[in-house]
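Here is a walk through one protein chain, taken part by part. Please keep the sequence and the structure in view while reading.

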Amino acid sequence: MLLQLAFPQASKVELLRLTVGQRDSVLLRLRELTFGPTLSCVGECPDCLALGEREIGIASLLGEPPPNPGRVDFLFDQDGFQIRFRPLRGTDLHLLRRARDSEAARHALMACIIGSCSRNGTEVEFKRLPDHILDDLAEAVADSDPQSEVWVGIECPECGAEFDAILDIMDFFWREIAAEARRTQAEVEYLVRAYGWSAPKVLNMSGERRRLYMEAAA
Ligand SMILES: [Zn+2]
C-alpha cells in the first residue's frame, strides 16, 4: 500500500515482485521523505533486559545496491548439496499468515524460493535437508539480498553491553504513521470543537498551522 503511494505509475504486480531488500530500501527512503532522516531505534539488552536507544541516520542504513539487483537465480553449493534459490519477495511473507507453526512457515517459504535441490546430482526433497544445511541456506538467502536484514548496534545504558537489534522498517514506519494519524485526529477534533470549523477544513491545513491555532485556543 505504501509503495503504491510512492510509485503510482508502477503496477501492483511489479511492486509485489520486489525482493524484501528492495522493498525495505524503498520504505527507508519513503520514511526519510515523510518523517526525516533519523530513526530512533530501541532494543532490549539481552543481558539485563534494560531498554537501549540509538539514533541512526537512514543514509547509513542504506547499503550499496547489490551487484546484480535483477538477479533471481542463486546457487548454494555446500557438502555436495546444490540448491538453486531466489531471494525472498514481499509476497512470500504473506503466506506466513496461513502457516500453523514455524516449521510450516519455513516450508512454505522454502517452497517459494527453492527452484531445485540435489545432492551429488540426485534430486532431494527440500523438507529432508539437514538442519545445518538449512541454517547455512538461510544465511545465503539473506546474503543474496543484503538490504533484507538490517541490524542496528545498540549500547545498553545500564550494563554497557553492546547488542544488535533488527530493524523491521515496515513495522517501524507503520507504527509511526499510525501514531501520526492518531495525533492528527486528536488535533482535528480539538480544533473543530474550539473554532467550529469543519473537519475537512482543519485537515487541509498544514500540521504547523494546526498547532498554531491550537496554541491560540489553549
Ligand atoms: Zn544491559
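Which residues does Gly43 touch, not counting residues up to four places away in sequence? The residues are Gly52, Ile154, Phe163 and Ala165. The model in which these contacts are found is a predicted one. Its mean pLDDT is 91, and 98% of the residues reach 70 or more. Among the elements of the chain, E4 has the highest mean pLDDT, at 96, and helix H5 (residues 90-94) has the lowest, at 84.

The domain assignment divides the chain into three parts: domain 1 covers 2-66 + 148-167, domain 2 covers 74-144, and domain 3 covers 176-217. Taken over C-alpha atoms, the centres of domain 1 and domain 3 are 29 Å apart.

Gly43 is a place to begin. This glycine lies in strand E1. Gly43 counts as buried because 20 other C-beta atoms lie within 10 Å, and a count of 20 or more is what the term requires. In a regular strand, side chains alternate between the two faces of the sheet. Strand E1 (residues 38-44) follows this pattern: Leu39, Cys41 and Gly43 point to one face and are buried. Thr38, Ser40, Val42 and Glu44 point to the other face and are not buried.

The partner of E1 is strand E2 (residues 51-57); the two run antiparallel and are joined by 7 bridges. Within this pair, Thr38 stands opposite Gly57 in E2. E1 and E2 form a hairpin with 6 residues between them, and Leu49 in the turn has a positive phi of about 65 degrees.

A further group of strands is found later along the chain. Strands of a sheet pair through backbone hydrogen bonds, either parallel or antiparallel. Here 4 strands form an open sheet in the order E3-E4-E5-E6, with antiparallel pairing. Strand E3 (74-78) and strand E6 (122-123) stand at the edges with a single partner strand each, so one side of each has no neighbour in the sheet. How many of the 5 residues of E3 are buried? The number is 0, so E3 lies largely in the open.

E3 pairs with strand E4 (residues 81-85) over 5 bridges in the antiparallel sense. Phe76 stands opposite Ile83 in E4. The hairpin of E3 and E4 has 2 residues between the strands, and Asp79 there takes a positive phi near 50 degrees. Asp79 is a residue other than glycine, and its place is in the loop between E3 and E4. Asp79 counts as exposed because 10 other C-beta atoms lie within 10 Å, where 12 or fewer is the limit for that term.

Another loop, between strand E5 (114-119) and E6, holds Asn120. Asn120 is not a glycine either, yet has a positive phi of about 45 degrees. Is Asn120 buried or exposed? Asn120 counts as exposed, because 9 C-beta neighbours lie inside 10 Å.

Helix H7 (residues 131-143) lies across E3 and E4 and runs at about 145 degrees to E3. In soluble globular proteins, nonpolar side chains tend to be buried together. In this chain the largest nonpolar core has 9 residues: Val20, Ile83, Phe85, Leu88, Met110, Ile113, Cys117, Leu137 and Val141. At least two residues of this core come from each of E4, helix H6 (102-113) and H7.

Two members of the core can be followed further. Leaving aside its neighbours within four places in sequence, Ile83 is in contact with Phe76, Ile114, Cys117 and Leu137. Phe85 has its place in strand E4 and is buried, with 22 other C-beta atoms within 10 Å. Not counting residues up to four places away in sequence, Phe85 touches Phe74, Phe76, Ile113, Ile114, Gly115 and Val141. Phe85 and Met110 are 25 residues apart along the chain, and their C-alpha atoms are separated by 8.7 Å. For Gly43 and Arg86, the separation is 43 residues in sequence and 31 Å in space, C-alpha to C-alpha.

Terms used. Residues numbered from 1 in each chain as written. Predicted model: local features only at pLDDT ≥ 70, side-chain atom pairs only at ≥ 80, totals over all residues. Domains from an automatic or database assignment. Pairing = 2+ DSSP bridges. Contact = placed C-beta atoms within 7 Å. Axes fitted to C-alpha atoms, helices over the stretch in contact; angles between N-to-C directions. Core = buried A, V, L, I, M, F, W, Y, C linked by C-beta atoms within 7 Å. pLDDT = per-residue confidence, 0-100.
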